[in-house]
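Reader: I'm new to looking at protein models. Could you show me how to read helices and buried residues in this one?

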Amino acid sequence: MDRSTSGAVFDLQIAPSKEASSRFRQRSTLEAVPSIDVYTLDDWLGTLIQDIRHPNLDGLRDTLKTLGADILGGREAMLSLCDFHRLTTSLAPPFALKEAIRMVEGQGPLSSSDMARARLAEYLLSRVDDADDSDLAFLWKNLHFVEPGKLLQRLPEVALSIWRALPRQVFEELRRPTEAVGDWAACVVKAIPAETLLEYWPDDEAPFKELIAVRPDLLDISTFWRVADVGFPVAFPNIDLSSDRTVDAMIEGLYTSSAMRSAVELAGPLRILESLHRRSSVNDVSSFMHWVPYCLRDSSVAGEFLNQPKTLSVPLLQAMTSVLEPDSVPNDYGDDPWLAALLKVKVETGYLPLGLAAYGFSRALGWRSRSVAELLQLTFDPLHGAVSTSSLEDSYWRLIEHRLPWVRESERWDRGRRLRAIVAKLFIDKRLVPRAFARMATSGEVFVALMDEALSRYGGRRFLQDVESSLQSDSDEYSQARQELIRNFLNGRKRK
């Protein structure tokens with residue numbers, strides 16, 4: 001084109017020497033002459049001359065075609081285009097990223113080009129391992145310029161890098177899932193392994209509702225609940241707690257009183273108790289027993305839980321006894337829930353732990369149970385054996401002693417006799433089933449001592465005769481032997 005316009009910005013014309021005289025039309029022209037190569041590939045001129053020597057070898061002409069029509073300015077934009085191309089080729093050093101970003105975000109001709117941002121964002125995908133936090137911030141801000149197919153190819157690596165550097169920004173975009181960037185935020189969150197997602201969690205202000213919509217699997221990880229504890233349950237409207245794994249993880253992760261109370265309200269106390277039962281079969285449940293008080297604020301819940309057909313774990317039952325007074329669980333009809341639970345333990349394990357035996361015996365001495373005879377029959381033998389050998393812990397004895405009749409200080413030491421006395425009193429005074437009395441003690445010697453206590457009470461002889469009569473229809477060896485023992489005892493202690 002005619003270059004004789006006065007005041008035009010200087011530009012360089014390159015032409016074959018044989019045509020130079022006809023092409024140079026600018027006043028005061030200087031004819032180009034051969035010279036040594038003073039340029040390098042590290043500047044715009046070197047990039048341009050390299051392309052002249054080897055057309056489009058590194059894609060410069062493709063860059064010019066793509067970006068040239070998308071930028072403002074005249075021929076002077078060639079410098080920026082050449083520099084930008086050089087800084088975004090596969091041979092560019094890592095530090096070139098910073099300069100390329102500056103060119104796009106600065107005041108130059110590339111600042112208005114969406115194509116330049118797309119080109120740089122795609123280039124960053126291939127250099128994500130070399131990118132620092134500010135580079136990744138640029139990538140995150142311009143992800144929507146990248147073709148989805150190209151991003152998906154590198155999504156796992158890109159997601160990890162962005163999450164480690166910019167978790168808060170990801171969460172901010174996740175709050176806007178209907179927008180393009182919000183959609184990519186969901187893609188990024190989905191691509192991150194749960195362990196990494198939780199490791200780089202920014203704070204407790206994350207959009208839990210939106211996050212769970214994208215990553216429901218987090219609900220099954222205890223670390224997630226530990227992170228979410230402070231915001232629970234406000235941040236979890238209508239949360240789905242149908243999965244046992246979710247409830248188990250929640251129990252392991254939550255730690256504040258308010259969160260645990262809310263969890264019990266949402267999941268239901270029975271679900272929490274069932275989870276504790278599941279955990280106790282494979283883990284040391286003692287570290288989770290602080291949940292029990294929140295589940296037993298309504299004592300009827302305990303009754304429903306104790307009546308379940310499965311055998312309940314001993315540690316869980318012991319934790320419940322530490323929270324509930326012996327008379328607290330209702331028993332308005334049917335068998336006593338505590339009797340049902342203790343019987344299942346005895347059947348499953350072959351013995352009844354002394355702590356549970358003391359609790360069951362204390363309940364039998366109270367006013368609530370409808371299964372007094374059965375509770376005494378289940379608990380008397382192990383307790384009597386323990387007090388006879390002085391092996392019953394004082395804490396267990398205290399559960400019982402305050403419900404025993406008063407005795408003189410000199411008689412308190414004989415705990416075995418005090419147990420026998422209260423059993424005889426209850427059977428006679430409350431007219432409990434005589435047949436149960438016959439099986440109160442495995443040892444014949446202890447049973448004779450128990451009959452002595454019964455005989456010493458008003459109506460005792462008549463009661464023991466009823467016990468003997470209750471066994472007459474039984475033909476098994478134990479019943480026959482026990483019937484004979486009662487008969488001999490009564491015959492040996494004739495009325496005077």
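Reader: What should helix α25 span, and how far apart are its end C-alpha atoms?

Author: Helices here are DSSP runs (H or I, at least four residues), numbered from the N terminus. The expected span is 1.5 Å times one less than the number of residues. Helix α25 has 15 residues (415–429), so it should span 21 Å, and its end C-alpha atoms are indeed 21 Å apart. Keep in mind that this is a predicted model: local features need pLDDT of at least 70, side-chain atom pairs count only at pLDDT 80 or more, and totals for chains, interfaces and linings use all residues. Residues are numbered from 1 along each chain as its sequence is written, and side-chain values use heavy atoms, leaving out hydrogens and water.

Reader: Which residues of α25 are buried?

Author: Buried means under 20% relative accessible area, exposed over 50%, and partly exposed in between (1.4 Å probe, protein chains only). In α25, the buried ones include Leu 419, Ile 422 and Phe 427. The buried residues of α25 pack against several helices, among them α22 (354–364) and α27 (444–455), where contact means heavy atoms within 4.5 Å. After α25 comes Arg 431, with a positive phi near 55°.

Reader: And which residues of α29 are buried?

Author: Ser 479, Arg 482, Gln 483, Ile 486, Phe 489 and Leu 490. They cover an arc of only 125° around the axis, so they sit on the same side of α29; the arc is that of the directions from the helix axis to the C-beta atoms. On the other side, Glu 477 and Gly 492 are exposed. Helices α27 and α28 are among what covers the buried residues of α29.

Conventions: Helix = DSSP H or I, 4+ residues; strand = E, 2+ residues; numbered from the N terminus.
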